[in-house]
Amino acid sequence: MTTATGRQIPDRLTSPLSRALKSWEALLLVVAVAIFIANSLASPYFLDPWNLSDASFNFTEKAMIAFAMAMLIIAGEIDLSVGSIIALASTVMGAAAAAGMGTPALVVLGLGTGLVCGAFNGLLVARFGLPSIVVTIGTMSLFRGISYIALGDGAYTTYPDSFAWFGQGYVWWVITVELVIFALAALAFGILLHRTNFGRMVYAIGNNATAARFSGIRVEKIRFILFLLTGLMSGIASICLTSRLGSTRPSIASGFELEVVTIVVLGGVSILGGSGSIAGVVLAALVMGLVTFGLGLLNVPGIVMSIIMGLLLISVIALPRLWTMLRK
Amino acid sequence: MSVIGKALATAAMGLALMTTAAQAEEMRIALVVKALGIGFFEAANKGAEEAAKELGDVKIIYTGPTDTTAEGQIEVINSLIAQKVDAIAVSANDTDALVPTLKKAMDRGITVISWDSGVAPEGRQMHLNPSSSSLIGNMIIKLAADNLPKDGTSEVAVLSATTTSTNQNTWIEEMNKVAPNYPNVKVVGTVYGDDLADKSYREAQGLMQTYPNLKAIIAPTSVGIVAAAQAVTDAGKVGQVNVTGLGLPSEMAGHVKSGASKSFAIWNPIDLGYSATMLAYHLAKKDAEAKPGASIAIGRMGEVKLDDKNEAAMADPFVYDAGNIDQFSSIF
């Protein structure tokens, strides 16, 4: 019998190898490699380390948030305010920079604003039991609204030179600071979700929150922590993006929330909660980045690009369903 | 090596040779716009293509994000840097946010200019304004004067936006400076419609009541000019009071045809795209240099002179009348 989450409990376990080969991650890996090869054939400019390094900015900031968002969605919640958290954190940092604060203070403020916003979302969802989609649609307008009130049609542009390191700096050769943060975040969230009790509890809540509660899991506390993590990652993304742009406007990062959710869903995380992996999200971020960069190199108009992204998303999600339907 | 392998290698080499040959003879200029699918920018692209045809060895890459975000424009510019285009001419969604990316483009030897909507000075070699305040100030009073009797003085009034609108205030100030050159015009007053359609309409009605001999209304705002033309039409004073100023062809087409407005002005996007391409070409070719005081040729548009901020004004605003309104009203 199918539960509300659409998950089936298999009556016999398949071998780990065949499971790995048939997994979503394997499919995504194949797609990523195919896109990589197609891009190298289509454009002579694709296989250039510097170009690929520049192109990584297409996805690094969004992917950082996508890791936290993946855990949130696995637990059956969602946060649509992440783009607005970026805007608010960036505005706070901009105001502080205009007041003459140095880079360390700006970083603390960026992270702090992210955490406060995450805590606000988490409090409303976990303490007052409000649905997260409603809460975060509200805070999406609220957080960005505060930025608009503070800035209007103005901009903060007076960041200290050392602040540029996060979004424009290189750790070694073509490896950007943002790529390193992306990799570290992937590792940290991978361990948190797949190797800790906390991660098991997140899956348990996503599959059946009531059963999880009766098993002694403090559901509200974990939900609150997940919103806090999403806020924190949005704060980190805000530092990177603000540093890369070297300026803040209230319209910064508009539309990011949908792109983040797209990466998570493309990564194989069930939008109904209960399943998904960080490896899938990493691969999905790479696929998104490769597709947009490859099409950009061919000067495909943005409108056509979004149509192709939409088709890719639908087909990658529909194919496994079709496959199982045909096999029956 | 297999036969297929050899064939592939030969093909790859051939391809490599072809691409280098193509690069040697063709200059690639990217026209980056605020967003695709906007009539104004499509028209600018027409102008850019016209310039490319005239220059012969230029390929235009017309591109931009789907919506008017700085982030989207940065992704587009990054892919242009990767393609090693020769020049980027951008109408920016954000004065400051594009600067780091455009700096990187310049570091890699790409010519960068901004046009229409500018980038901060450190992010571009020069900026092309469609016109200048003094040219606009002169044009709006000239349009009024040209349609009035040459002898005697006719009463004319100004319908502006808000009292604090920087653009409008500057233009009106410039207009008053050159007013003595048009002795047949007497500016009797300025009212403010706050760029709201209904308030502008009432202010225009008020002008016609206060000055019964009013012969023209100058509205240097696209909201005000439409409202004034409507007020003149509703008062049955078409032919008696001429409405002119700055407006959009698509919004003014009806009023030009009815005669409420004999002519008005605004920049011509085709000329703007054409001039931006010409500038990018000469700067990339290194037969011109972007420095204060320099003059750079822009084909059929003559030449522009850079001011101390490396900004240049293209030309007088373009005049639209019954003769050309249909051609442009479908564009913007």
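**The sheet of chain B and the contact with chain A**

Student: In this predicted model, what makes the six strands β2-β1-β3-β4-β5-β13 of chain B an open sheet?

Tutor: The six strands follow one another in the order β2-β1-β3-β4-β5-β13 in chain B, with parallel pairing, and the edge strands, β2 (58-63) and β13 (311-313) of chain B, each pair on one side only. Neighbouring strands of this sheet are turned by 20° against each other on average, direction ignored.

Student: How do you know that β3 and β4 of chain B are paired?

Tutor: Pairing requires at least two bridges between the strands; β3 (residues 87-90) and β4 (residues 111-115) of chain B share four bridges in the parallel sense, and therefore they count as paired. Within this pair, Ala87(B) stands opposite Thr111(B) in β4(B).

Student: Which helix packs on this sheet, and which strands does the helix touch?

Tutor: Helix α10 (residues 269-285) of chain B packs there, touching β1 (27-32), β2, β3, β4 and β5 (126-129) of chain B. The direction of α10 makes about 160° with that of β4(B), and because such angles run from 0 to 180 degrees between N-to-C directions, the value places the helix and β4(B) closer to antiparallel than to parallel.

Student: What makes a residue part of the contact between chains A and B, and how many residues take part?

Tutor: Two residues are in contact if their C-beta atoms, placed from the backbone, lie within 7 Å; the contact takes 28 residues from chain A and 25 residues from chain B. On the side of chain A that touches chain B, α14(A) gives the largest share, four residues, and by class this side has eleven nonpolar, 13 polar and four charged residues.

Technical notes: Residues are numbered from 1 along each chain as its sequence is written. Chains are lettered from A and ligands numbered from 1 in the order in which they are written. This is a predicted model: local features need pLDDT of at least 70, side-chain atom pairs count only at pLDDT 80 or more; totals for chains, interfaces and linings use all residues. Helices (H or I, at least four residues) and strands (E, at least two) are DSSP runs, numbered from the N terminus. Ala, Val, Leu, Ile, Met, Phe, Trp, Tyr, Cys and Pro count as nonpolar, Asp, Glu, Lys and Arg as charged, and the others, Gly among them, as polar.
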